[in-house]
2 protein chains.
Amino acid sequence: MTSDRPRPTSSPTISEVAAAAGVGRATVARSLGGYGSVSEPTRAHVLAVAARLGYRANTLARSMTTGVTKTLGVVLADIANPFFAGVLRGLSDTAKREGYDLLVLSTNEKLAEEQAAVGLLLDKQVDGLVIASAATAGDDLSHLLVARERNTPLVLIDRLVSGFDADSVVINNREAAREAVTTMIDAGHTRIGFVWGPVTVQPAEDLGTMRSVIAGALWSDGERLSGYLDALLEAGIEFDTSLVTHVLKTEGQAARAVSGMLALAQPPTAFFTTETDATVGTLRALRTRGLRYPDDVSLLGFDDTPWAAVMDPPLTMVAQPMQEVGARAAAIVIGRIKGDDSDVVHDVLPARLVQRHSVQHRAVRALPL
Amino acid sequence: MTSDRPRPTSSPTISEVAAAAGVGRATVARSLGGYGSVSEPTRAHVLAVAARLGYRANTLARSMTTGVTKTLGVVLADIANPFFAGVLRGLSDTAKREGYDLLVLSTNEKLAEEQAAVGLLLDKQVDGLVIASAATAGDDLSHLLVARERNTPLVLIDRLVSGFDADSVVINNREAAREAVTTMIDAGHTRIGFVWGPVTVQPAEDLGTMRSVIAGALWSDGERLSGYLDALLEAGIEFDTSLVTHVLKTEGQAARAVSGMLALAQPPTAFFTTETDATVGTLRALRTRGLRYPDDVSLLGFDDTPWAAVMDPPLTMVAQPMQEVGARAAAIVIGRIKGDDSDVVHDVLPARLVQRHSVQHRAVRALPL
DNA sequence: ATCAATATTGATACCGGTATCAGACGATAG
DNA sequence: CTATCGTCTGATACCGGTATCAATATTGAT
């Protein structure tokens with residue numbers, strides 16, 4: 001098989017068009033590029049010849065001299081995750097409108113892959129970068145610094161990274177979480193499970209350790225947990241470490257952790273889930289234990305989806321403006337490319353709590369001590 | 001703002017490294033590229049200098065001479081669609097493993113955008129293309145032909161395009177649909193709504209027109225409808241055009257169309273939905289009419305998702321091996337790039353019917369005539 | 001008709017790599 | 001001590017565009 005490969009037949013070059021048209025290369029370039037001055041008959045002739053030959057400019061060569069690739073590099077955790085898919089959609093739409101293409105790489109939340117990705121994109125001379133970084137406090141940020149040093153505009157999305165100040169577009173995770181949890185507290189819940197806390201080898205022992213765990217977590221994760229704590233604190237509810245998961249972030253692990261909480265002497269009466277798969281895992285756990293929402297347990301989670309509205313009963317959820325995040329990020333990075341050197345921008349887009357019917361008011365009744 | 005832009009400071013070039021190391025450019029290239037022969041001390045010295053200067057190769061320049069970009073172009077309808085997101089994940093994973101990056105463009109199912117996308121990608125000298133084409137019978141296929149003419153490997157995914165034979169990776173849509181519909185027929189259903197038939201200005205009048213509509217539809221859509229017809233025919237059930245939607249493909253339109261069917265004198269007792277949003281729209285319609293599945297109406301649809309398993313009751317669905325489609329497509333196109341010139345391959349991956357509980361056996365009872 | 005000003009054009013250097021080629025050097029053999 | 005061969009090295013021609021510059025052609029003015 002691997003025999004004489006027919007190497008990609010590049011389309012005719014400017015030189016070939018020039019030869020065919022009987023003019024110099026520069027004249028062809030001018031006619032095609034529409035700059036400089038070319039007599040009308042010559043231009044028409046050149047254009048005709050170019051069309052006849054099916055001439056197409058080699059963007060690589062152009063980028064070579066102009067230093068502009070009209071390409072944006074996008075680095076995110078997982079394209080298949082509905083949140084990132086939505087963000088990508090937003091990025092893609094506005095990038096296209098501005099004449100930019102997207103080179104997309106995913107990192108699976110691994111810093112090493114992120115570093116490699118940024119390196120690759122920089123080597124490919126992207127004009128700008130949009131990154132959902134996996135970096136947490138204390139991590140090696142050299143790849144981001146290299147981008148900065150090269151003056152390649154970079155905007156952070158979804159997560160801020162401590163120790164690296166750059167343009168960013170994120171959601172108000174903390175406030176959104178606080179609002180969501182408060183909704184449940186207002187409905188009379190005091191024991192609220194938090195599904196998908198930061199991954200640790202063992203549960204944090206107290207609020208103090210939890211705070212430090214948060215400091216070392218992925219920004220968005222930390223913020224959501226902080227919002228949860230804010231709500232509890234505000235309501236004077238004591239924090240119980242056994243109600244925060246610390247397992248790996250998979251649907252299965254979420255289900256197991258929830259199942260475990262449900263088996264507690266004083267099980268939670270509500271769950272706050274921070275991501276789609278956490279929500280699905282929680283639902284699965286309820287199902288296997290024969291519990292129903294909102295009667296047995298209330299539910300409220302991040303990342304609204306069309307499915308949530310057709311569940312029975314429909315789920316109350318936090319809707320993130322995913323496409324908007326992408327659109328804003330693209331607009332900012334393209335603005336920078338165009339030369340906007342105004343102050344660093346930190347966009348915080350509001351999440352929206354979509355009230356449906358998975359949170360039920362809980363009559364305060366005497367609990368077994 | 002748009003003042004003196006700090007143009008991207010490109011990292012040191014080979015010439016600069018050469019100058020700094022006090023050797024010729026070729027020697028640097030050899031040391032870095034690890035080809036030709038360089039004395040050990042020189043190589044070490046060059047490498048050290050390169051590292052000190054933070055040298056990074058400019059991939060563009062390399063591609064310029066080698067004619068290889070290590071980039072694949074991906075053209076699909078909508079990145080935010082879970083199916084395509086899954087496919088992209090598969091593409092991305094195997095492409096990365098082989099050292100390729102992905103340039104992703106979406107077309108919103110518009111042929112014009114697809115043509116522009118392919119042109120752009122070709123201009124950017126991608127080494128290969130993966131396309132979920134929006135082209136239907138009779139459409140202008142020149143963009144695909146141009147790719148072929150340039151010897152840029154191309155593989156079609158999800159949809160075949162009539163009149164253009166190329167490597168392809170698709171799902172056995174027709175058989176999967178037939179099997180799904182047969183499942184419902186076996187459960188006693190004879191009036192089965194088909195949600196998201198091809199878009200037409202008005203319903204097809206009879207089987208004949210429907211067949212011709214299918215011929216002019218998007219391949220995958222046509223196949224699924226054909227599978228539906230196959231199942232009916234096989235069971236000797238008469239085809240009723242009023243049970244096939246012809247509306248635009250949005251969740252809202254699906255809901256309206258389903259609502260309309262439900263208002264028929266002889267409403268369907270089951271629905272077969274061909275896409276996620278069609279399923280959600282159908283569920284929404286049931287909800288607004290106060291109907292429940294599977295008691296009042298049975299449901300079975302394409303594109304299994306984690307949500308389907310936690311619905312109450314869980315939905316019976318057709319699961320497509322999305323990532324596998326992407327992985328196979330990437331493998332094929334990369335193989336072609338490497339020179340594999342064996343016969344055209346037409347991969348057909350099997351969809352899997354995931355039995356859950358949204359299809360209920362229907363006791364045959366006398367219907368009002 | 002002559003000359004300056006302007007329009008049109010081709011030649012050419014460059015971008016940052018790769019790849020070829022020939023010269024310089026050292027070592028070994030005779 | 002010289003011939004021969006292999007190793008190591010630098011110079012240089014590409015790749016296909018862009019951009020500058022000088023040369024030529026054209027035009028209008030006097």
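On a 1 Å grid over the protein atoms alone, a cavity is a set of points where a 1.4 Å probe fits but cannot get out, and its lining residues have an atom within 4 Å of a point. Grid points are joined across faces, edges and corners, and a volume is the space filled by probe spheres set on the points.

This is a predicted model, where local features need pLDDT of at least 70, side-chain atom pairs count only at pLDDT 80 or more, and totals for chains, interfaces and linings use all residues. Residues are numbered from 1 along each chain as its sequence is written, chains are lettered from A and ligands numbered from 1 in the order in which they are written, and side-chain values use heavy atoms, with hydrogens and water left out.

**Exercise 1.** Describe the largest cavity and its lining.

*Solution.* Start with the count: the structure holds 5 cavities of 30 Å³ or more. The largest has a volume of about 200 Å³. Next, look at its lining of 16 residues, where A:Leu60, A:Thr71, A:Lys124, B:Leu60 and B:Lys124 lie nearest the centre. Helix H4 (59–66) of chain A and helix H4 (59–66) of chain B are the elements giving two or more residues to this lining; helices here are DSSP runs (H or I, at least four residues), numbered from the N terminus. Finally, sort by class: 6 nonpolar, 8 polar and 2 charged. Ala, Val, Leu, Ile, Met, Phe, Trp, Tyr, Cys and Pro count as nonpolar, Asp, Glu, Lys and Arg as charged, and the others, Gly among them, as polar.

**Exercise 2.** Work out the volume and lining classes of the second largest cavity.

*Solution.* Its volume is about 70 Å³. Among the residues that line this cavity are A:Pro198, A:Met210, A:Thr241 and A:His246. The lining divides into 6 nonpolar, 5 polar and no charged residues.

**Exercise 3.** Find which residues come nearest to DNA strand C, then inspect the contacts.

*Solution.* Of the 27 residues around the strand, A:Gly24, A:Thr27, A:Thr42, B:Ile14 and B:Thr65 come nearest; "near" asks for a heavy atom within 4 Å. H4(B) gives the most to this surface, with 5 residues. Now the polar contacts (pairs of N or O atoms within 3.5 Å):

- A polar side-chain atom of A:Thr27 is 2.4 Å from a phosphate oxygen of DNA strand C.
- For B:Arg25, a polar side-chain atom lies 3.1 Å from a base oxygen of the strand.
- B:Ala61 places a polar backbone atom 3.5 Å from a base nitrogen of the strand.

How values were computed: On a 1 Å grid over the protein atoms alone, a cavity is a set of points where a 1.4 Å probe fits but cannot get out, and a pocket is an open set with protein on both sides within 12 Å along at least five of seven lines; lining residues have an atom within 4 Å of a point. A polar contact is a pair of N or O atoms within 3.5 Å; within protein, one must be able to donate a hydrogen and the other to accept it, and residues adjacent in sequence count only if both atoms are side-chain atoms.
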